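The following paragraphs concern a ligand and the residues around it, and then turn to pairs of charged side chains. Please keep the model in view while reading.

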Amino acid sequence: MNLLDQIQIILVETSHSGNIGSAARAMKTMGLTNLRLVSPKQAIDEQAEALSAGAKDVLDNAQIFETFEQAIADCQLVIGTSARLRHLQSSLIEPRKCGELAIQRAEQGKVAIVFGRERVGLTNEELLKCHYHLNVPTNPEYGSLNLAMAVQLASYEVRMAWLAIQENLQKNSKNEPLVEYPTHEALEHFFNHTERLYKELGFIRNEAVMLKLRRLYQRAELESTELNLLRGMLTAVEKYKVQ
Ligand code: SAH
């Protein structure tokens, strides 16, 4: 099962068909395909198709419902979105959390992310029927996003959460050997070797330099193979020195 197929993007009483087309495009770029429309004010027309670019299939498969209630009936999690929600503290989530939650819950059933009317958003009654409320933390003085852009942002976060899971699955299934990191002892060995050699060469003259080098190498979180490379370089300098 593709978890992205569980995500339902719901647009409530959209006024402009162009926005429906743009939303379809936004969805498809993020791998989402299920679009639901609640009593759209304009039918899916040429304008919608033009703005959907190559996402006509999403429009063709769009489901139309008479009421909001019907559109969310088979969904186990409903996330409402709004530009003015800051008072709904307990159920308020940010886009990143929304993506993670949607993908997490998509394992169990259908998840709806609901977008409101261009002019007035979702009604309080509709918002009350949502488990969570997504607010994109926009400029407080100018915070209302264009409908399709809000769809784009939410879809993007859903995709990011989905990609993170794919990556984990791939790692586990490939059984890739885990990266090996050197022990503290091996690193100390390397630091001592560096200090000895470069003191001898006259480059390290005081403690401070070695401290800086230590910090630099620690920060790099060297893998064992990388440490071997550095040790090889020290050895090469040593060999050159005795020639
Ligand atoms: N004046 C309306 C704006 C509606 S914009 C209002 O205050 O709600 C159309 C839709 O885009 C909204 O219903 C919502 O679904 C989405 N949207 C716009 N800005 C948003 C934001 N900052 N956070 C979350 N959703 C947003």
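A polar contact is a pair of N or O atoms within 3.5 Å. In this predicted model, one such pair joins a nitrogen atom of the ligand to a backbone N or O atom of Gly143, at 3.1 Å. Side chains take part as well: an N or O atom in the side chain of Thr81 lies 2.5 Å from an oxygen atom of the ligand, and one in the side chain of Thr138 lies 3.5 Å from a ligand nitrogen atom. On its own the ligand has 540 Å² of accessible area, of which the protein covers 92%.

The surroundings of the ligand comprise 20 residues, the closest being Thr81, Arg84, Gly116, Val136 and Leu145. By character, this shell consists of eight nonpolar, eight polar and four charged residues. The space that the ligand takes is the largest pocket.

Side chains of opposite charge can pair when their charged atoms come close. The structure contains 13 salt bridges. One of them connects Glu13 with Arg117, whose closest N and O atoms are 3.0 Å apart. Which parts of the chain does this pair link? Glu13 belongs to the loop between strand E1 (7–12) and helix H1 (17–29), whereas Arg117 belongs to the loop between strand E6 (110–115) and helix H6 (124–128). The two residues are 104 residues apart, and the pair thus links distant parts of the chain.

Methods. Residues are numbered from 1 along each chain as its sequence is written. This is a predicted model: local features need pLDDT of at least 70, side-chain atom pairs count only at pLDDT 80 or more; totals for chains, interfaces and linings use all residues. Side-chain values use heavy atoms; hydrogens and water are left out. A residue is near a molecule or strand if one of its heavy atoms lies within 4 Å of it. A polar contact is a pair of N or O atoms within 3.5 Å; within protein, one must be able to donate a hydrogen and the other to accept it, and residues adjacent in sequence count only if both atoms are side-chain atoms. Accessible areas come from the Shrake-Rupley method with a 1.4 Å probe; for residues, only the protein chains shown count as cover. On a 1 Å grid over the protein atoms alone, a cavity is a set of points where a 1.4 Å probe fits but cannot get out, and a pocket is an open set with protein on both sides within 12 Å along at least five of seven lines; lining residues have an atom within 4 Å of a point. A molecule sits in a cavity or pocket if more than half of its atoms lie within 2 Å of its grid points. Ala, Val, Leu, Ile, Met, Phe, Trp, Tyr, Cys and Pro count as nonpolar, Asp, Glu, Lys and Arg as charged, and the others, Gly among them, as polar. A salt bridge is a side-chain nitrogen of Lys or Arg within 4 Å of a carboxyl oxygen of Asp or Glu. Helices (H or I, at least four residues) and strands (E, at least two) are DSSP runs, numbered from the N terminus.
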